[in-house]
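Subject: Structure handover

Hello,

Here is the structure I promised to pass on. Please open it next to this email, and then read my notes below.

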Amino acid sequence: MTTKETKVKVGVLTISDTATANPSKDLSGPALKNLLEEYRTDKTVFCVTATACVPDELERIQQVVKTWCDTIKLDLVITTGGTGFGIRDITPEAINPLIQKHSPGITHAMISASLLNTPFAALSRPVSGIRGNTIILTVPGSPKGAKENLQAVLNILPHAIELANGGSGENIHSGFKDSERVVSVPGDNTVVLNHRCVHRERHEHDDNHRNGDQKELILSKSPSTPVSQRHRQSPYPMLSVEEAMSIIDSYTNVLGTIELPVDNNLIGHVFAKDVPALENVPGYRASIVDGYAVIASDGPGIYKVKSVSLADASDYNETLESGQIVRITTGGSIPNGATAVVMVEDTNLIRATLDGIQEELVEILVQSCNGENIREVGSDTKIGETVVHANEIASAVGGEIGVLASVGITKVLVYQHPKLGILSTGDEVVDYNNSVQLKNGEIRDCNRPTLLAIAKATGFEMIDFGIVPDNPQEIERRLRLALSQVDVLITTGGVSMGEKDLLKPTLEHSLGAKIHFGRVKIKPGKPTTFATLQEPKSLHKFHKLIFSLPGNPVSAIVMFYFFVLPALRKMAGYQTWKWKIVSAELSHKVILDPRPEYQRATISFDHLTRKLIARSTGLQQSSRMQSFQSCNALLVLPAGTNQLRELNQGQIVNAILIGQLN
């Protein structure tokens, strides 16, 4: 830090009942802290010196804010959460009475920035202003909304803070040259501000300050930009895994419903409403065993066999009288008057007919009870009883389909599955089923067949759009073709910093897609990109989702399980769409990477120790497909630090299950 830098003391207050009860649920507070501390100019450094989390209670909110403003005397206080229309959202009501000077311009700037991304920003109720010498901002509770609001005013905050503290603004003005200033903002392009100091030129008007259409911020260079003029470092901010997941979640919506027949194609679908039984099961009084229908009160003894009741579609309608029994098979109709069934093992044959074919007299050896071995009408399922509940899944085990079929249901209402597409990119990529001998520099496309197989195994059908070469026009054409047919498009390759990595600029410049993130602090899969595209004439809230995954096969597959599959499940109506996580004991030492890592492993149950044991699948390079052989889990490994460089054998780690336990 130079002697000329100004250190701005900041407090970040999370307002949330949920996060107060479980601090791990607070994603916005840490996101704002990271954004502020990454901000750099030659004059200003933000230092988050105070953080707190309080429930949505007016007095608790005011107590913290007043302490930070009046006692600690922070320069900037930012609250996140409680600015919406919810019953418990009271942040504006808590903050407004504390503000001595309101700043409607800052508030307007924050709302305007969010409205560029979603019309629902109109439902946010931020306030801002000054208390004493402290500037107070209130931003939404979602990490995405909070960062958007703060980024909208981040460049002007140092200026505002200096003025609020009685300064003239000269410290900030000295950084401007020819009325322009270049500032680097995390999560944004380098922004050139045409600055005119309105607090010093009160009666002048800026002709450039007009309302009008504002374009989405584009970070990439045009696909036609010469390689010598392209970025030397990625312009996309490095997001945490939690931030990336939150962004995807905010753009992922449950699709509509569809009526499907009750058959094997129902597997993996989520029921959209309760399903009542149309028929009783059983529909008649039925025997549970092979034996004899009796009147229980007759007791043991020798009885005449009146007839036989088989499990068939006959019009059997016998009436049993005292002293008689009826031979009956499992599933056979119980005769009128019978009150129990005695198993054939508890009887003796006394006499048969002369031809030896039929039974005449049989001895009952045991005393039976009323209702014994009889399934009464509707004893399994009654008409009108709910057999499948809304939000349940038609599993591959078959129970749901079997139950529906048994009660006369032929069609059900379920949530639609998203239409899914896969597209590989690269001049060097050769179709996996092409038997041609590879030339120097060529590789076989293992991404498409692998992802096609995983999609099918996880219940989703995928359209194969083949391989597209590294040509901007052809990439644009193939992307448009694919996006016209699918809800979700997965691409592999072309998202890093190479000369022919053209996916991001083509998405932004040619298709007008919005890239929400282009880098994630994760191993493998750092250049993973998530974008959305809304049809120009569409007014609905649904977007096309685009997951541009790295070209290295392991990275692509891990990112599919990590980011894509949960989104697909949410779109398909799954109530629990995130991964299944178990805890397992390491069978070996693991060296930690500076990034959070998801290593391929095999987890099995040790019958001697009664524990789940995790074993690495070997070398973990992102290009090595063998690391997925026999893999059924991804070990969730923390980022390494100077204090924590490795995990030892026997330590417990979390793991994401992607296959069956061994």
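This is a predicted model. I start with a sheet, then go through salt bridges and cavities.

**The sheet**

Six strands make up an open sheet. Their order is β15-β12-β14-β13-β17-β16, and the pairing is mixed. β15 (340-343) and β16 (347-352) are the edge strands. Each has a single partner strand, so one side of each has no neighbour in the sheet. From one strand to the next, the twist averages 40°.

Look at β13 (residues 301-309) and β14 (residues 324-328) in particular. These two strands run parallel, and five bridges join them. To find your way in, start from Ser307: its bridge partner in β14 is Val326. As background, strands of a sheet pair through backbone hydrogen bonds, either parallel or antiparallel.

**The salt bridges**

How many salt bridges does a search of the whole structure find? The count is 22. Three pairs and one network are picked out here.

Lys147 and Glu243 come first. Their side chains meet in a salt bridge at 3.3 Å, N to O. Lys147 sits in helix α6 (residues 143-153), and Glu243 sits in helix α9 (residues 241-250). The two are 96 residues apart, so this pair links distant parts of the chain. Are they buried or exposed? Both Lys147 and Glu243 are buried.

Helix α9 also holds Asp249. Asp249 forms a salt bridge with Lys570, with the closest N and O atoms 2.6 Å apart. Lys570 belongs to helix α14 (residues 553-571). Here the partners are 321 residues apart, and again distant parts of the chain are linked. Their surroundings can be read from the accessible area. Asp249 has a relative accessible area of 32%, so it is partly exposed. Lys570 counts as buried because its relative accessibility is 14%, under the 20% cut-off.

Next, take Arg285 and Glu376. Their closest N and O atoms are 3.0 Å apart, in a salt bridge. This pair connects two loops. Arg285 is in the loop between β10 (275-276) and β11 (286-287). Glu376 is in the loop between β18 (374-375) and β19 (386-388). They are 91 residues apart. Arg285 is partly exposed, with a relative accessible area of 24%. Glu376 is partly exposed too, at 35% relative accessibility.

The network comes next. Asp431, Asp445, Arg448 and Asp464 are joined into one network by salt bridges that share partners.

**The cavities**

Rolling a probe the size of a water molecule over the atoms shows where empty space is left. Over the whole structure, the search finds two cavities of 30 Å³ or more.

The largest has a volume of about 40 Å³. Which residues line the largest cavity? They are Val294, Ile295, Ala296, Asp298, Gly299, Tyr303, Val342, Ile364, Val366 and Ser368. By class, that lining has seven nonpolar residues, two polar and one charged.

The second largest cavity has a volume of about 30 Å³. Its lining is Met110, Ile111, Ser114, Ala121, Ser124, Pro126, Pro140 and Asn149. Helix α5 (residues 104-115) gives the largest share of that lining, three residues. Five of the lining residues are nonpolar, three are polar and none is charged.

Best wishes

Terms used
Residues are numbered from 1 along each chain as its sequence is written. This is a predicted model: local features need pLDDT of at least 70, side-chain atom pairs count only at pLDDT 80 or more; totals for chains, interfaces and linings use all residues. Side-chain values use heavy atoms; hydrogens and water are left out. Two strands pair if DSSP finds at least two bridges between them. Helices (H or I, at least four residues) and strands (E, at least two) are DSSP runs, numbered from the N terminus. Axes are lines fitted to C-alpha atoms, for helices over the stretch in contact, and angles run from 0 to 180 degrees between N-to-C directions. A salt bridge is a side-chain nitrogen of Lys or Arg within 4 Å of a carboxyl oxygen of Asp or Glu. Buried means under 20% relative accessible area, exposed over 50%, partly exposed in between (1.4 Å probe, protein chains only). On a 1 Å grid over the protein atoms alone, a cavity is a set of points where a 1.4 Å probe fits but cannot get out, and a pocket is an open set with protein on both sides within 12 Å along at least five of seven lines; lining residues have an atom within 4 Å of a point. Grid points are joined across faces, edges and corners, and a volume is the space filled by probe spheres set on the points. Ala, Val, Leu, Ile, Met, Phe, Trp, Tyr, Cys and Pro count as nonpolar, Asp, Glu, Lys and Arg as charged, and the others, Gly among them, as polar.
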